[in-house]
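Subject: Structure handover

Dear colleague,

Please find the structure below, with the sequence alongside. My notes on what was found in it follow.

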Amino acid sequence: MNKLLLILKVLAISIILPACLSCSKEDNKETYNADFSYDVQDNQVVFTNASTGDYLYVEWNFGNDESTGKSADKSKVHTIYFPLKGEYEVTLKLWGNLNTESDTKTVTKTITIDADDPDYVNPEGLIWSDEFNSATINTANWKFEVGTGDNGWGNNELQYYTNGDNAKVVDGKLILTAKKVNEDKVQGSYTSTRMISWGKKEFTYGRIEVRAKLPSGTGVWPAIWMLGANLGQVGWPACGEIDIMEYVGYQPDVVHATVHTPAGYAGDGNGSSKSLPTCEEEFHIYGLLWTETSMTFYVDSPDNVVHVYAPAEKNDSNWPFNKPHFFILNVAVGGNWGGAQGIDNAIFPQSMEVDYVRVYELN
């Protein structure tokens, strides 16, 4: 009789326990609800999370190639720029306490923009751009590289790159700021930003333009550049490096454009320099015409050439530029080149401001 009771108890537990667990999961999913409000102001839309209950993360997709990824900041208000007339499907996704795909809830609403922004210009032949017109950095385009890197990112640089703490968007400009942590002038004495588009936005050939204003002072080393997307497979310099603009603060008002390949890299890179007296005070366009046969670097206009790279006989050693490359925007501190004449700690903080990054088709 006792054995029969034991068997019945085991059977009851095996039936009731899964049901309770299932109820627990369902109860967890019922403890929160997804919702958001929005306010359309011409071509700017302000989105506010109006969800209720207990959940871990929010994830926005604004229906215009902009998204946030998971974020624990549930109260952050997003102001998104929609320059063109149309309907946009905006989705807010909540991640519950289980933090699994099965424990999520979403809400989607259609946002209507009644008219094009009369001040917006969509340049002819534009393939892709980031105009930095939204309130936050677009994680569909960029991600942050974090830390001090191997050997100071290969150049004995001293900054620690943070996960977005040194980058922000203000009035349509991306602001990348190098800050001083202490007076020691050693690795980690500074923080800064290194943003990359690897795995998100990669390009082969085209006309590339980045409009930017540069920081100043001895020790800063800002750069606008590209690396081959096959970096993980072949390494550097076999992947190819395209330095659209580099600047070292101890040499004011001179910008540099350089190409690095297995045939010539580091101090033996193929490059040239140009005087630009207002690069710290004003925005300038740093451009590249990249074809199957040549690279022409320029400032403000293709007629104002900084450097031309066009090896007559191309091979893997001197022309790894027939494959996709990704963007890098960063402000280094110190290093083999940027710190060649020391670092002036009195200059910090220092920022590089970027108005836009654009890629056009070539005529």
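Leaving aside residues up to four places away in sequence, threonine 162 touches Phe144, Glu145, Val146, Thr191 and Ser192. Bear in mind that this is a predicted model. Threonine 162 sits in the loop between strand 11 (159-161) and strand 12 (167-170). Its relative accessible area is 8%, so threonine 162 counts as buried, the cut-off being under 20%.

Valine 121 is also a loop residue, placed between strand 8 and strand 9 (126-130). Is valine 121 buried or exposed? Valine 121 is exposed, because its relative accessible area of 58% lies over the 50% cut-off. From valine 121 to glycine 240 there are 119 residues in sequence, and the C-alpha to C-alpha distance is 33 Å.

Next, the strand pairing. Strand 7 (residues 86-95) is joined to strand 5 (residues 57-61) by 5 bridges, and the two run antiparallel. Within this pair, valine 58 has leucine 94 of strand 7 as its bridge partner. Strand 7 is also joined to strand 8 (residues 104-113), again antiparallel, by 10 bridges. Here tyrosine 88 has isoleucine 111 of strand 8 as its bridge partner. In a regular strand, side chains point alternately to one face of the sheet and the other.

For the chain as a whole, there are 3 helices and 26 strands. An unreviewed UniProt entry places the feature "domain: GH16" at residues 115-363. Over residues 115-363, strand makes up 41% and helix 4%, and the C-alpha atoms at the two ends are 30 Å apart.

Some overall values may be of use for setting up calculations. The C-alpha trace spans about 95 × 55 × 45 Å along its principal axes. The chain has 363 residues, of which 45% count as buried. Among contacts with a separation of 6 or more, 68% are between residues 24 or more positions apart. The exposed area of the chain is about 17,300 Å², and carbon and sulfur atoms supply 49% of that area. On the charge side, the chain has 27 positive and 48 negative charges, and the mean positions of the two sets are 9 Å apart.

Regards

Notes. Residues numbered from 1 in each chain as written. Predicted model: local features only at pLDDT ≥ 70, side-chain atom pairs only at ≥ 80, totals over all residues. Heavy atoms only, no water. UniProt positions renumbered as here; feature names shortened; annotations may be inferred. Buried < 20%, exposed > 50% of the residue type's maximum accessible area, 1.4 Å probe, protein only. Contact = heavy atoms within 4.5 Å. Areas by Shrake-Rupley, 256 points an atom, 1.4 Å probe, with all protein chains shown as cover. Lys, Arg positive; Asp, Glu negative; His and termini not counted. Charge placed at Lys NZ, Arg CZ, Asp CG, Glu CD. Pairing = 2+ DSSP bridges.
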